[in-house]
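Open your viewer and get ready to select residues by number. This tour goes stop by stop.

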Amino acid sequence: AMFERGRAWVDENLFNGEYYVQKLDLKDRSALDPYQKATVSRRIVGANVYDLYWSEEHGEIKYQSGEGCLVDQVLGQWHADLYGLGEILDRAHVRSALRSIYRYNFLRRIEDVANPCRVFGMYDESGTVICAWPKGVPAPAVPVPYAQETMHGFEYAFGSALMEYGWLDEGVEVFRGVRDRYDGKARNPWNEIECGSNYARSMASWAAVLALSGFHFDAHRHAIGFAPKLRDGLAFRSLWSTAEGWGTVEMVDGCFSLTVLGGSARLARIALPSVSAEAAVTLNGRPVDAAASDGAVTFGPIVIGSGDTLRIDASGLAVGALRDVATL
C-alpha cells in the first residue's frame, strides 16, 4: 500500500509534463526548519543548517536542482528494470524523462556549457551533465553541486536505461561519449576518474550487458533467460554470469547455445524470444527431454558444468525486433 501511494504521489506531483523535478520553493527558508530542529535535538556540535544551506545573498536555499532536469531522476526505475522488479513509475513518464535527459543533458560539445566544477571532459568532447535547466526554466543561484560535470557512472546508468527502453543508437552514443574521452590519448582508458582514481561508479557500465542481452536469472526457479535487443536478422553473442558459474551465449540462425566456461549452472528453464514448440534440446550433443511453450523451454533440472554446451534448435527461434522503438 505504501508503494502504491508513493508511486502515485511521485507521478502526480513531481512530473512536470516532460520530466521529474524537485518540489521545493527555493525562496522558502522555513523549509530548512525541520532539519535545523533535528540537528539541535541530536546535539550535533558546530552544525547550523541555515549557515550551510541558506544563501542570504540570493535569498535562496542552496545546492538544489529545483525545476532542473537531473541525469539520475529515474535511477530507481533503472535499478528495478535490471533486477526484474517491474514498473515503479509510469512508463510513459519514464520514457519522456529519458528523452528529456537526452535532449537537455547530453552535450555533443562539452565546451558549450560553462563548468565551474571538476573537469571530466572539455572542448569538442561529448558527455552528459548532471543537471540542466532548459531555456525558460529558472536555475538556482547556487545549484546542486557538480551540476555541470560529466560523471561517468551517471552517464553509463543513463545510457543503459536508453538501451533498456529500445533506444540503442542513443544509448551507444552516450557510452561512446565517455569512452572517447578515455581513448588512451587524452586520458588513461583504464582509469575513469570521478572522486578519485579508479572510481567504482563506472562499473555501472556493466548494466549495458544486461540491457542489451535481456539477461535474467532466478536461482530459486533454476531459470535463465535472454531477450536480445537487436534488429531482426542479426546474430547475438554475449557473456553471462551467475553466482555459481559464467560463460557465453549465442543465438544465430534458429539455434541457441549456452556454454559454461567456469563453475556450473543448474537449470530447468530457459526463456527465449519466439521459441517454437518443436524445439530440440541437447547437452553436449545428447538429447534432453524438454517442452517448449510461452516463450520458454523447460526440462528436468540439470547441472551444466565447465566446458558443457546446452543447445536449443528451434525453427521459430529468432533474435526479436526492438521493442518500444520511438524517435527521440
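One term comes up along the way: a crossing of two helices is left-handed if the near helix is turned anticlockwise from the far one by less than a right angle. Keep that in mind for stops two and three.

**Before you start: colour by confidence**

This is a predicted model. The mean pLDDT of the protein chain is 92. Of its residues, 95% reach 70 or more. Now select residues 320–328, where the pLDDT is below 50. In the model, this stretch still has 29 contacts beyond near neighbours in sequence.

**Stop one: Gly121**

Select Gly121. You are in the loop between strand 4 (106–107) and strand 5 (127–128). Is Gly121 buried or exposed? Its relative accessible area is 8%, which is under 20%, so Gly121 counts as buried.

Which residues touch Gly121, leaving aside its neighbours within four places in sequence? Show Ile110, Thr150, Arg181 and Arg187: these are its contacts. Pick Thr150 and look at the C-alpha atoms. Thr150 lies 29 residues from Gly121 along the chain, yet their C-alpha atoms are separated by 6.9 Å.

**Stop two: helix 6 and helix 7**

Next, select residues 152–164, which form helix 6. Add residues 168–181, which form helix 7. The two axes are 7 Å apart, and the helices pack at an angle of about 160 degrees. That angle is over 145, so helix 6 and helix 7 are roughly antiparallel to each other. Their crossing is left-handed.

Turn on side chains. On the helix 6 side of the contact, find His152, Tyr156, Phe158 and Met163, among others. On the helix 7 side, the residues include Leu168, Val172, Phe175 and Arg181. By class, this contact has 9 nonpolar, 4 polar and 4 charged residues. You have already met Arg181: it is one of the contacts of Gly121.

**Stop three: helix 4 and helix 6**

Keep helix 6 on screen. Add residues 75–83, which form helix 4. How do the axes of helix 4 and helix 6 cross? They come within 10 Å and cross at roughly 60 degrees. Helix 4 and helix 6 are therefore oblique to each other. Use your definition again here: helix 4 passes helix 6 in a left-handed crossing.

Now show the residues that meet. From helix 4, pick Leu75, Trp78 and Asp81. From helix 6, pick Ala157, Ser160, Ala161 and Glu164. These divide into 4 nonpolar, 1 polar and 2 charged. Look again at Ser160: this residue of helix 6 also takes part in the contact with helix 7.

Notes: Residues numbered from 1 in each chain as written. Predicted model: local features only at pLDDT ≥ 70, side-chain atom pairs only at ≥ 80, totals over all residues. Heavy atoms only, no water. Helix = DSSP H or I, 4+ residues; strand = E, 2+ residues; numbered from the N terminus. Buried < 20%, exposed > 50% of the residue type's maximum accessible area, 1.4 Å probe, protein only. Contact = heavy atoms within 4.5 Å. Axes fitted to C-alpha atoms, helices over the stretch in contact; angles between N-to-C directions. Parallel < 35°, antiparallel > 145°, perpendicular 65-115°, else oblique. Nonpolar A, V, L, I, M, F, W, Y, C, P; charged D, E, K, R; others polar. pLDDT = per-residue confidence, 0-100.
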